[in-house]
Amino acid sequence: MIRQLSTAAADFTAEFERLRHWSAETDAAIEGRVAEILADVQARGDAAVLDYTARFDRVQAAAMADLELTQADLQAALASIPAAQREALQAAARRVRAYHERQLEASGRSWSYRDEDGTLLGQKVTPLDRVGIYVPGGKAAYPSSVLMNAIPAHVAGVPEIIMVVPTPDGVRNPLVLAAAAVAGVHRVFTIGGAQAVAALAYGTATVPRVDKITGPGNAYVASAKKHVFGQVGIDMIAGPSEILVIADGTTPPDWVAMDLFSQAEHDELAQSILLSPDADFLAAVKASMERLLPTLPREAVIRASLQGRGALIHTRSMEEACEISNSIAPEHLEISAAEPARWEPLLRHAGAIFMGAYTSESLGDYCAGPNHVLPTASTARFSSPLGVYDFQKRSSLIEVSEQGAQVLGGIASTLAHGEGLQAHARAAELRLK
Ligand code: HSO
Ligand code: ZN
């Protein structure tokens with residue numbers, strides 16, 4: 001069901017490299033199709049979006065306005081779902097909001113100072129004017145992802161959050177719409193695919209052009225986001241989900257087995273890896289996996305994921321497990337150990353670090369508070385979770401005093417002459433007394 005490796009084995013490096021390799025093969029056919037759709041929406045606007053929505057989602061509408069939901073629709077969806085679901089969405093939203101409000105306070109505020117000449121220098125932080133959130137329609141329609149995208153935008157102060165969500169055959173997902181109500185989404189259009197990304201990126205008569213598009217999607221959506229990047233901002237192109245667990249052998253094996261399954265059940269291409277220096281524990285987890293897997297409805301997806309990209313790795317030590325984890329830079333990293341704080345300083349690259357036996361990754365997916373939109377495919381080496389900062393931008397502020405102009409003018413003038421730029425030099429010199 002899952003390969004077993006040992007760092008002490010002679011073939012470990014080769015086996016490990018094979019495990020690490022994953023290519024998001026870009027399908028030329030998809031790229032070409034997406035380029036056509038984008039160009040068509042850019043040229044024909046609403047009419048093109050309506051045509052594609054009729055063709056791909058089998059939803060006929062006379063006008064784009066008919067594909068926009070009202071706040072009353074969202075509230076009706078919220079009222080329609082079971083009370084337990086509604087309360088869980090609200091509880092999750094409160095925690096996610098509280099976390100992102102801390103993020104805003106810690107790193108999302110403007111600052112400035114005056115130097116010794118009275119010159120003011122600073123950084124002004126402003127929210128984006130308008131953002132678009134893509135929500136997939138089919139099997140990957142996660143209400144939790146609506147919260148994770150919209151709440152940081154809301155906390156950042158974005159005044160217009162526009163969600164697009166396809167409704168194949170006109171079927172709406174009430175949980176997704178309820179989550180949009182809870183998260184404070186301002187407008188919702190029931191469109192999807194590359195045509196929805198194009199509508200958000202270029203704007204149409206009905207869909208306003210946004211400044212940034214976030215949210216997951218299928219290969220067409222991912223390709224469309226790549227194409228429009230530059231015209232608008234995008235969050236990231238997320239790959240399949242990944243979990244890496246480092247265990248010291250003190251966690252119940254069933255817990256670890258289920259945590260590995262939890263990401264494997266997202267996708268046949270998801271990756272689940274367990275590292276432990278305790279061989280008996282690895283065997284116990286393997287036994288748990290064999291016993292528990294047949295009890296899960298998504299058994300087939302999990303099995304394919306584990307067979308394809310999963311591994312149980314016996315390491316020489318916890319330190320070595322941490323090194324291997326750093327070389328993978330996983331999206332989710334569980335340090336399932338009695339003293340997680342002892343190992344945490346050794347962990348440098350991960351989208352999110354879950355510490356201790358009680359911290360199942362799934363709690364982070366829904367309601368712990370931090371964002372579940374995380375860097376995948378080793379990009380945690382250089383990128384961060386989706387956050388308030390993704391919905392803000394920074395402007396530098398400079399106000400030079402008369403005295404400051406005397407000091408800076410000399411420096412700037414000298415450097416400008418060095419670059420052969422007379423107007424620059426004279427602009428600085430004119431202000432010298
Ligand atoms: N683990 C997924 C997020 C998610 N899980 C949504 C359940 N629902 C990506 O990190
Ligand atoms: Zn998940």
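This report walks through a predicted model of a protein chain with its ligands.

## The chain as a whole

Let's start with the big picture. The protein chain has 433 residues, and buried ones make up 49% of them. Along the chain you can count 17 helices and 15 strands. If you draw a box around the C-alpha atoms, lined up with the principal axes, it comes out at roughly 80 × 60 × 45 Å.

## Around ligand 1

Now for the first ligand. Which residues sit around ligand 1? They are Tyr 142, Ser 144, Ser 241, Gln 263, His 266, Glu 331, His 332, Glu 361, Asp 365, Tyr 366 and His 372. Sorted by character, this shell has two nonpolar, six polar and three charged residues. Helix H15, which covers residues 361–366, gives the most to the shell, with three residues.

Several polar atoms of the protein come up to ligand 1. The table lists three such pairs.

| Protein atom | Ligand 1 atom | Distance |
|---|---|---|
| Ser 144, polar side-chain atom | nitrogen | 3.4 Å |
| His 266, side-chain N or O atom | nitrogen | 3.1 Å |
| His 372, polar backbone atom | oxygen | 3.2 Å |

So two of these rows involve side chains, those of Ser 144 and His 266, while His 372 takes part through its backbone. How much of ligand 1 does the protein cover? On its own, ligand 1 has 290 Å² of accessible area, and the protein covers 88% of that.

## The zinc ion

Ligand 2 is a zinc ion, and two names from the shell turn up again here. His 266 (through NE2) and Asp 365 (through OD) coordinate the zinc ion at 2.1 Å. Those two residues are 99 residues apart and link distant parts of the chain. His 266 is in the loop between helix H10 (253–264) and strand S11 (271–276), while Asp 365 belongs to helix H15.

Why does the arrangement around the zinc ion count as irregular? The four donor atoms subtend angles of 89 to 173°. A tetrahedral site would need all angles between 85 and 135 degrees, and the upper end of this range, 173°, is outside that window.

Are the two zinc partners buried or exposed? Asp 365 is buried, because its relative accessible area is 11% and the cut-off for buried is under 20%. His 266 has a relative accessible area of 26%, so this residue is partly exposed.

## Two residues with positive phi

Next, a look at the backbone. Most residues other than glycine have a negative phi. Ala 329 goes the other way, with a positive phi near 50°. Where is Ala 329? You'll find this residue in the loop between helix H13 (318–328) and strand S13 (332–336). With a relative accessible area of 0%, Ala 329 is buried.

Ser 378 is another residue with a positive phi, this time near 70°. Ser 378 sits in the loop that runs between H15 and strand S15 (392–399). Its relative accessible area is 12%, which means that Ser 378 is buried too.

## A few more places to visit

Finally, here are some residues elsewhere in the chain, each with a C-alpha distance to a partner.

Ala 183 is part of helix H7 (residues 174–183) and is buried, at 3% relative accessibility. Gln 90 is 93 residues away from Ala 183 along the chain, yet their C-alpha atoms are separated by 8.7 Å.

Val 221 belongs to helix H9 (residues 219–228). Its relative accessible area of 1% makes Val 221 a buried residue. Between the C-alpha atoms of Val 221 and Glu 160 there are 21 Å, with the two positions 61 residues apart in chain numbering.

Is Thr 204 buried or exposed? At 14% relative accessibility, Thr 204 counts as buried, and its place is the loop between helix H8 (193–202) and strand S8 (212–214). The C-alpha atom of Thr 204 is 39 Å from that of Ala 84, and the two are 120 residues apart along the chain.

Ala 287, in helix H11 (residues 279–292), is partly exposed, with 41% relative accessibility. From Ala 287 to Ala 140 the C-alpha separation is 30 Å, for a pair 147 residues apart along the chain.

Notes. Residues numbered from 1 in each chain as written. Chains lettered and ligands numbered in written order. Heavy atoms only, no water. Near = heavy atom within 4 Å. Polar contact = N/O pair within 3.5 Å; in protein donor to acceptor, adjacent residues only side chain to side chain. Areas by Shrake-Rupley, 256 points an atom, 1.4 Å probe, with all protein chains shown as cover. Helix = DSSP H or I, 4+ residues; strand = E, 2+ residues; numbered from the N terminus. Nonpolar A, V, L, I, M, F, W, Y, C, P; charged D, E, K, R; others polar. Donors = N, O, S within 2.8 Å, 3.2 Å for Na, K, Ca; no water. Tetrahedral: all angles 85-135°; square planar, octahedral: opposite > 155°, others 65-115°. Buried < 20%, exposed > 50% of the residue type's maximum accessible area, 1.4 Å probe, protein only.
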